[in-house]
Amino acid sequence: MATIVVPFRGRGAKQRLAPLGDNARAAVAEAMLADVLAACAGVGPILVVAPSADAGAVEQAAAGAPIELVPDPGRGQGAAVSAALARVQAEPVLIVNGDLPCATARDLLALLGALPAGGLALVEAADATTNALALATPSLFEPVYGSDSAARFRALAPTPAAAQAAAIPNLIDDVDTLDDLRRLAGRLGPRTAEALAASDQRTGAAA
């Protein structure tokens, strides 16, 4: 059992999905969050950090699963995660980005299983940023997100041996662009696949 923190930038994020149109882009962002929360539901208690304006969308994405909603302080992903970690009462902690629509509970348990005693495990994205973290304790976290963040997170471990890289494909593959969605079509969670199909139908109708 682990506490899970999921930062969600809101329905207005994912600007690189703009070719879908604003409504479809927002629907995909919410659907990806829904699939991530479905994966988290069987692993442990969930804290979702999101803008207050998106509280309703988060509750809808949770589909009745018990979550704690943490208001995003609005100073970037590091500050958002820190706000949630301040409320964590049970260790260890998983931090899972909200744009990993292929994630399953098995993937999160694999990340948890990779966690060294007293250290951290992480999933590095293809661009060397960080998609997911497992922390033995919240005190290991520092807000070092951004370009090449995976190396900075590894450096936070108390010793090199206490930092473990976890090559979990469904957590490596995040979604930033429409091409990402198309590439992952066969592995998307059900809510994201449905949102993408609905977008395709609207696009086809418009054409």
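## Working through the sheet, a helix and a pocket

Val 6 stands opposite Val 48 in β2. Keep that pair in view; the model you're looking at is a predicted one.

**Exercise 1.** Start from Val 48 and work out which residue stands opposite it in β3, then find the strand order of the open sheet.

*Solution.*
- Step 1: On the β3 side, Val 48 faces Leu 69. β2 covers residues 46-50, and five bridges tie it to β3 in a parallel arrangement.
- Step 2: Back on the β1 side, β1 and β2 also run parallel, with four bridges between them.
- Step 3: Go on to β4, where three bridges make another parallel pairing with β1. Here Val 5 has Ile 95 opposite it.
- Step 4: Now write out the lot: seven strands, ordered β3-β2-β1-β4-β6-β5-β7, in an open sheet with mixed pairing. The edges are β3 (67-71) and β7 (163-165), each with pairing on one side only. From one strand to the next, the twist averages 20 degrees.

**Exercise 2.** Decide how many residues of β1 are buried, and say which helices lie on the sheet around it.

*Solution.*
- Step 1: Side chains in a regular strand alternate between the two sheet faces. So take the faces of β1 one at a time: Thr 3, Val 5 and Pro 7 sit on one side, Ile 4 and Val 6 on the other, and all are buried.
- Step 2: That's five of five, so β1 is largely enclosed by the rest of the structure.
- Step 3: Look for the helices. α1 (residues 22-40) lies across β1, β2 and β4, at about 175 degrees to β1. α3 (residues 77-85) packs on the sheet too, touching β1, β2, β3 and β4, and its direction makes about 150 degrees with that of β1.
- Step 4: Check what α3 brings to the packing. Its buried residues are Gly 78, Ala 79, Ala 80, Val 81, Ala 84 and Leu 85, and these pack against β1, β2, β3 and β4.

**Exercise 3.** Is Leu 111 buried or exposed, and what does it touch?

*Solution.*
- Step 1: Find Leu 111 in helix α4, residues 105-113.
- Step 2: Its relative accessibility is 0%; buried means under 20%, so Leu 111 counts as buried.
- Step 3: List contacts, skipping residues up to four places away in sequence: among them are Leu 94, Val 123, Ala 132, Ile 168 and Leu 171.
- Step 4: Take Ala 132 as a spot check. Ala 132 is 21 residues from Leu 111 in sequence, yet the C-alpha atoms are 8.3 Å apart.

**Exercise 4.** Describe the largest pocket and place Asp 99 in it.

*Solution.*
- Step 1: Get the volume, which is about 540 Å³.
- Step 2: Pick out the lining residues closest to the centre: of 23, these are Arg 9, Lys 14, Gln 77, Asp 99 and Asp 176.
- Step 3: Sort the lining by type, giving six nonpolar, 10 polar and seven charged residues. The elements giving two or more residues are α1 and β6 (130-135).
- Step 4: Zoom in on Asp 99, in the loop between β4 and α4. Its relative accessibility is 11%, so Asp 99 counts as buried. Its contacts include Lys 14, Met 32 and Asp 176.

Methods
Residues are numbered from 1 along each chain as its sequence is written. This is a predicted model: local features need pLDDT of at least 70, side-chain atom pairs count only at pLDDT 80 or more; totals for chains, interfaces and linings use all residues. Side-chain values use heavy atoms; hydrogens and water are left out. Two strands pair if DSSP finds at least two bridges between them. Axes are lines fitted to C-alpha atoms, for helices over the stretch in contact, and angles run from 0 to 180 degrees between N-to-C directions. Contact means heavy atoms within 4.5 Å. Buried means under 20% relative accessible area, exposed over 50%, partly exposed in between (1.4 Å probe, protein chains only). On a 1 Å grid over the protein atoms alone, a cavity is a set of points where a 1.4 Å probe fits but cannot get out, and a pocket is an open set with protein on both sides within 12 Å along at least five of seven lines; lining residues have an atom within 4 Å of a point. Grid points are joined across faces, edges and corners, and a volume is the space filled by probe spheres set on the points. Ala, Val, Leu, Ile, Met, Phe, Trp, Tyr, Cys and Pro count as nonpolar, Asp, Glu, Lys and Arg as charged, and the others, Gly among them, as polar.
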